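These are my notebook entries on one model with a bound ligand. I looked up the ligand site before turning to the strands.

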Amino acid sequence: MKIIVADNYNALSQIGADLVIGLLKTKKNAVLGLATGTTPIGLYQKLIEAYKQGIVSFKQVKTVNLDEYVGIEKQNEQSYAYFMRKNLFDYVDIDLNNTHIPNGSAQNLQKECIDYSLLLTKTRQDIQILGLGSNGHIGFNEPFTAFDSKTHLVKLSQQTINDNARLFESKNQVPTHAITMGISEIMAAKRIILLASGKNKAKAVYDAINGGVNAKCPASVLSLHSNCTFILDRESASML
Ligand code: F6R
């Protein structure tokens with residue numbers, strides 16, 4: 001596992017974006033595994049800048065997102081589908097038909113998980129971007145999720161609900177369930193980039209890197225991946 005400690009969030013975002021830009025320059029039809037949350041927003045802004053400067057195109061790119069809340073329609077501003085449009089897709093030349101996000105308002109959620117899993121077997125990520133939960137989650141694979149898990153329905157932990165409450169008017173508006181890509185499907189990516197920024201991620205970063213491979217910290221599984229880079233800022237790296 002490679003660890004890069006950037007000076008600040010802007011530098012972290014640029015380093016992450018440069019890895020994606022490097023891929024897109026050599027593989028125009030790359031598959032990008034995408035994350036939502038606050039952390040990758042800067043990286044997406046850098047990708048938009050690179051697109052505007054004519055450095056990259058997304059015309060042939062395919063994307064698969066990690067997760068989506070259950071019970072929130074994709075038009076809803078709190079959905080991850082909406083997040084992706086507002087933070088990346090609306091500003092680049094991507095074909096929305098090539099973008100994939102689990103449907104958290106599907107009638108049959110179990111079927112949605114199976115279908116998404118099947119899609120992933122045919123759409124392997126060249127790069128998977130990950131954020132990190134303060135409890136060590138990746139995607140919404142909460143502590144003690146099986147490492148061989150595939151796309152599944154998850155009940156969010158209280159810590160995740162508390163962390164995400166900042167993005168809602170009140171804590172009781174935070175969805176309690178989500179669909180997430182499984183750990184084995186994250187690990188199937190050819191390359192993984194995990195971004196972590198801020199002091200509240202320092203313990204999870206420490207556990208992921210120094211705690212040994214342990215289901216208590218899902219991100220610790222990443223040390224078993226052959227091409228995984230952690231891109232941290234000084235705060236998130238402060239316990240290393
Ligand atoms: C989002 C996701 C989550 C977040 C994590 C960190 O698609 O899969 O694992 O990456 O909860 O979120 P932020 O970046 O908001 O701290």
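How far from an oxygen atom of the ligand does a polar side-chain atom of K201 lie? I worked with a predicted model, and there I found the distance to be 2.6 Å.

Entry on polar contacts. I next looked up R166, where a polar side-chain atom lies 2.9 Å from an oxygen atom of the ligand. For T38, I noted that the backbone supplies the atom: a backbone N or O lies 2.8 Å from a ligand oxygen atom. I then recorded the cover by the protein, which takes up 94% of the 410 Å² of accessible area that the ligand has on its own.

Entry on the shell. I listed 14 residues around the ligand. The closest are T39, D67, H137, G139 and K201, so K201 enters my notes both in this list and through its side-chain contact of 2.6 Å. Sorting the shell by class, I obtained eight polar, three charged and three nonpolar residues.

Entry on the pocket. I asked which pocket the ligand takes up. The space that the ligand occupies is the largest pocket.

Entry on the sheet. I traced an open sheet of seven strands with parallel pairing. I wrote its order down as β1-β10-β9-β6-β2-β3-β5. At the edges I placed β1, residues 2–6, and β5, residues 99–100, since each of these strands pairs on one side only.

Entry on one edge. I followed β1 to its partner β10, which spans residues 228–233. The two strands run parallel and are joined by five bridges. For K2, I identified T229 in β10 as the bridge partner.

Notes. Residues are numbered from 1 along each chain as its sequence is written. This is a predicted model: local features need pLDDT of at least 70, side-chain atom pairs count only at pLDDT 80 or more; totals for chains, interfaces and linings use all residues. Side-chain values use heavy atoms; hydrogens and water are left out. A residue is near a molecule or strand if one of its heavy atoms lies within 4 Å of it. A polar contact is a pair of N or O atoms within 3.5 Å; within protein, one must be able to donate a hydrogen and the other to accept it, and residues adjacent in sequence count only if both atoms are side-chain atoms. Accessible areas come from the Shrake-Rupley method with a 1.4 Å probe; for residues, only the protein chains shown count as cover. On a 1 Å grid over the protein atoms alone, a cavity is a set of points where a 1.4 Å probe fits but cannot get out, and a pocket is an open set with protein on both sides within 12 Å along at least five of seven lines; lining residues have an atom within 4 Å of a point. A molecule sits in a cavity or pocket if more than half of its atoms lie within 2 Å of its grid points. Ala, Val, Leu, Ile, Met, Phe, Trp, Tyr, Cys and Pro count as nonpolar, Asp, Glu, Lys and Arg as charged, and the others, Gly among them, as polar. Two strands pair if DSSP finds at least two bridges between them. Helices (H or I, at least four residues) and strands (E, at least two) are DSSP runs, numbered from the N terminus.
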